[in-house]
Amino acid sequence: MVNLKGLAWEENKNKIRHYSNLHSKAIISNKQALFGSSNFTYSGINRNNELSVLINESDKVKELSNWFDSWWQFSAEINIEELKKKIKSYKPKQDSTSSNE
C-alpha cells in the first residue's frame, strides 16, 4: 500500500490543473511514488488492464517528483467552481448501439 502521509493534501486538495495530451497519473509522497496509466477509479483499478509502478528508491522518487513539478509549472489552472458547474450539467451520451424499444 502507498503511504500518503508525505502528501500536502490539505493545502493542495483544491488545486486541479490541466495539461493537454498528458495522460499519466501519479501519486508522489516524500518516500514513495506510484505512477502509470490507470485512472484512480473503481474501473481503472479493478477492471481495466492498466500498468502502474510503485517506486521506493529515494533518488527515483525525487526524479519523478521533479518530472511532475516541471509539468505542473506549465499546466493550466482549473477553476473549481466552473468544474462543479460542468459536472452538474454533464449529460452522458446515449450509447448508439442500444435501442429504446
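These legends describe close-up views of a predicted model of one protein chain.

**View 1. Overall fold of the protein chain.** The chain holds four helices and five strands. Along the sequence these elements run α-β-β-β-α-β-α-β-α. The chain has 101 residues, and 14% of them count as buried. Among contacts with a separation of 6 or more, 49% join residues 24 or more positions apart. The exposed area of the chain is about 9000 Å². Carbon and sulfur atoms supply 51% of that area.

**View 2. The largest nonpolar core.** Five residues build this core: Ile28, Ala33, Ile55, Val61 and Leu64. Ile28 belongs to strand 2 (25–28), and Ala33 to strand 3 (33–36). Val61 and Leu64 come from helix 3 (58–73). Leu64 touches Ile28 and Ala33, both members of the core. Leu64 also touches Phe35. These contacts of Leu64 leave out residues up to four places away in sequence.

**View 3. A nonpolar patch on the surface.** Tyr19, Leu22, Trp67, Phe68, Trp72 and Phe74 make a nonpolar surface patch of about 550 Å². Tyr19 sits in the loop between strand 1 (17–18) and strand 2 (25–28). At 32% relative accessibility, Tyr19 is partly exposed. Trp67, Phe68 and Trp72 fall within helix 3 (58–73). Phe74 falls in the loop between helix 3 and strand 5 (76–77).

**View 4. Trp71 against the loop that holds Tyr19.** Trp71 is part of helix 3. Its relative accessible area is 28%, so Trp71 counts as partly exposed. Which residues does Trp71 touch, not counting those up to four places away in sequence? Tyr19 and Leu22 are the partners. Trp71 and Leu22 are 49 residues apart along the chain. Their C-alpha atoms are separated by 8.9 Å. Tyr19 and Leu22 both contribute to the nonpolar surface patch.

**View 5. Ser75 in the loop after helix 3.** Ser75 lies between helix 3 (58–73) and strand 5 (76–77). Is this loop serine buried or exposed? Ser75 counts as buried because its relative accessibility is 11%, below the 20% cut-off. The Ser75 side chain reaches the backbone oxygen of Trp72 at 2.7 Å. Trp72 is itself one of the residues of the nonpolar surface patch. Beyond its neighbours within four places in sequence, Ser75 is in contact with Arg17, His18 and Tyr19. Arg17 and His18 form strand 1 (17–18), and Tyr19 lies in the loop that follows.

**View 6. Ser38 and its polar partner.** Ser38 lies in the loop between strand 3 (33–36) and helix 2 (42–46). With a relative accessibility of 9%, Ser38 counts as buried. A polar contact of 2.9 Å joins the side chains of Ser38 and Ser52. Leaving aside residues up to four places away in sequence, Ser38 touches Lys25, Gly44, Glu50, Leu51 and Ser52. Of these, Gly44 lies in helix 2 (42–46), and Lys25 in strand 2 (25–28).

**View 7. A salt bridge in helix 4.** The count of salt bridges comes to one. The side chains of Lys84 and Glu81 meet in it, at 3.6 Å from N to O. Why are the two residues about one helical turn apart? Lys84 and Glu81 are three residues apart in helix 4 (residues 80–89), which means a separation of about one helical turn. Lys84 is partly exposed, at 44% relative accessible area. Glu81 is also partly exposed, at 48%.

Note on methods:
Residues are numbered from 1 along each chain as its sequence is written. This is a predicted model: local features need pLDDT of at least 70, side-chain atom pairs count only at pLDDT 80 or more; totals for chains, interfaces and linings use all residues. Side-chain values use heavy atoms; hydrogens and water are left out. Buried means under 20% relative accessible area, exposed over 50%, partly exposed in between (1.4 Å probe, protein chains only). A polar contact is a pair of N or O atoms within 3.5 Å; within protein, one must be able to donate a hydrogen and the other to accept it, and residues adjacent in sequence count only if both atoms are side-chain atoms. Contact means heavy atoms within 4.5 Å. A salt bridge is a side-chain nitrogen of Lys or Arg within 4 Å of a carboxyl oxygen of Asp or Glu. A nonpolar core is a set of buried Ala, Val, Leu, Ile, Met, Phe, Trp, Tyr and Cys residues joined through side-chain atoms within 4.5 Å. Patches are made of residues with over 30% relative accessible area and no salt bridge: like charges are joined within 9 Å, nonpolar side chains (Val, Leu, Ile, Met, Phe, Trp, Tyr) within 5 Å. Accessible areas come from the Shrake-Rupley method with a 1.4 Å probe; for residues, only the protein chains shown count as cover.
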